[in-house]
Amino acid sequence: MTMHKTVDVNVDAMIEDLRTLVEIESPSRDLDALMASAKAVAAVIESRLGRQAILVESEAGPHVHWSAGGDPKVLILGHHDTVFPPGTLERRPFTVDDGHATGPGVFDMLGGLVQAVHGLATLDDRSGVEILVTADEEVGSRSSRALIEERALACGAVLVLEGAADGGALKTGRKGCGTFQVSVAGRASHAGLEPAAGVNALIEASHQVLDIAALGRPDIGTTVTPTVASAGTLDNVVPAEATVIVDVRVETADEKERIESAFAALAPHLDEAKIVVQGAVSRPPMPESASAELFAVAKQLLPDLEGKAVGGGSDGNFTAALGVPTLDGLGAVGGGAHADHEYLVIEVMAERANLVAGLVNAIRNT
């Protein structure tokens, strides 16, 4: 693949910046770790791009916001939190070997952040560009959503630096996704002496799991998957409480409404059992129409690029739902997100950095 415009990107410098970020662990909700990570992200941005990066405090940890100044035109969007618990780095340190970089967060999504910063560094004029790196994407973006939406609307175009889809494809559409929790209240009793005196929350939860699983419509992209369940205290006690957690993915706003209504309408099967439902499809779907304009520009820069609609959600779902043109999957080429075999392909880093720079120029010139 060749680009119409070639700019110099120092891959060794990118790898060193990536090492710096990976070696500061940043598990979601670990506020001390996230503060250290945010400061490191800000330092990398400032050292490569000049101008100060601002830490935006939140209950989920600090977000990092950087602006080149001028009339806002394009928002570079990412996150610095990871799914890996403290201590993962000791077991799986940052390593460069056989053309791959490995370590917690290299693909999701610290590599993409580094590539974007180094791509922007090749531009003589960075006016109109903003970078927002949030601290809570992996846990739902509750504290960052309003800021994401504000800056997306102000800029008018969003480039999301999440890892690429298989084969380096850009992510041109995403499902909406959300989590529901169904809590069941029954009544405890002795399982041997008087089981009938109890209300078995586990049996009620089992009914609910079957009802919930039946809501899926995989033929139209709707998946409803019970993932975690808990019930009971002792082997001779009728369970008084049970909980079921459910992962939901949808492709359309209509399906979002249908699923949310169906969860709200769940009703107990057993007399005297009670259920409480919490949750929503919190990330709206990102339709492929939201990325069409920007994907066409990317194809002009790299004609061999492919686009894929994927099941996972990102902060791009929020910006696309506002009607802001959004292109996702611009980050690292690799794989193994959230897994121990997570990796980044080094030989593509410069090309992806150049792609970000080319897109920024194209957006600002339209």
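**Exercise 1.** Which residue lies over the face of Phe84, and at what distance from the ring centre?

*Solution.* Keep in mind that we're working on a predicted model. Start at the Phe84 ring and look along its normal: the residue over the face is Arg92, at 4.8 Å from the ring centre. A charge counts as sitting over a ring when CZ of Arg is within 6 Å of the centre, so Arg92 passes the distance test at 4.8 Å.

**Exercise 2.** Find the aromatic pair, classify its geometry and say where its two rings sit in the chain.

*Solution.* Step one: the structure holds one aromatic pair, made by Phe180 and Phe263. Step two: the centres are 3.9 Å apart and the planes are at 10°. Planes under 30 degrees apart count as stacked, so that's the label for Phe180 and Phe263. Step three: Phe180 belongs to strand β9 and Phe263 to helix α7, so to speak two distant parts of the chain, 83 residues apart. Step four, accessibility: Phe180 has a relative accessible area of 2% and Phe263 has 1%. Buried means under 20%, so Phe180 and Phe263 both count as buried.

**Exercise 3.** Take the salt bridges Asp340 to Arg91 and Glu272 to Arg187, and work out what each one links and how exposed its partners are.

*Solution.* As background, side chains of opposite charge can pair when their charged atoms come close. This structure holds 18 salt bridges.

- Asp340 and Arg91 meet at 3.0 Å, N to O. Asp340 is in the loop between β15 and β16, while Arg91 is in helix α3, 249 residues apart. Asp340 is partly exposed at 48%, and Arg91 is exposed at 53%.
- Glu272 and Arg187 meet at 2.9 Å, N to O. Glu272 lies in the loop between α7 and β12 and Arg187 in the loop between β9 and α6, so the bridge ties together parts 85 residues apart in sequence. Glu272 is exposed at 53%, and Arg187 is partly exposed at 35%.

**Exercise 4.** Describe the lining of the largest pocket, then follow Arg249 to its salt-bridge partner.

*Solution.* The largest pocket has about 830 Å³ of space. Its lining has 36 residues, with Glu137, Glu138, Arg249, Gly313 and His338 nearest the centre. Strand β11 gives the most, four residues. By type, the lining splits into eleven nonpolar, 13 polar and twelve charged. Now pick Arg249: this residue forms a salt bridge with Asp247, the closest N and O atoms being 2.9 Å apart. Asp247 is partly exposed at 21%, and Arg249 is partly exposed at 22%.

Terms used. Residues numbered from 1 in each chain as written. Predicted model: local features only at pLDDT ≥ 70, side-chain atom pairs only at ≥ 80, totals over all residues. Heavy atoms only, no water. 1 Å grid on protein atoms, 1.4 Å probe; cavity = no way out; pocket = protein on both sides within 12 Å on 5 of 7 lines; lining within 4 Å. Points joined across faces, edges and corners; volume = space filled by probe spheres on them. Nonpolar A, V, L, I, M, F, W, Y, C, P; charged D, E, K, R; others polar. Phe/Tyr/Trp six-rings, centres within 6.5 Å; stacked < 30°, edge-to-face > 60°. Buried < 20%, exposed > 50% of the residue type's maximum accessible area, 1.4 Å probe, protein only. Lys NZ or Arg CZ within 6 Å of the ring centre and 35° of its normal. Salt bridge = Lys/Arg side-chain N within 4 Å of Asp/Glu carboxyl O.
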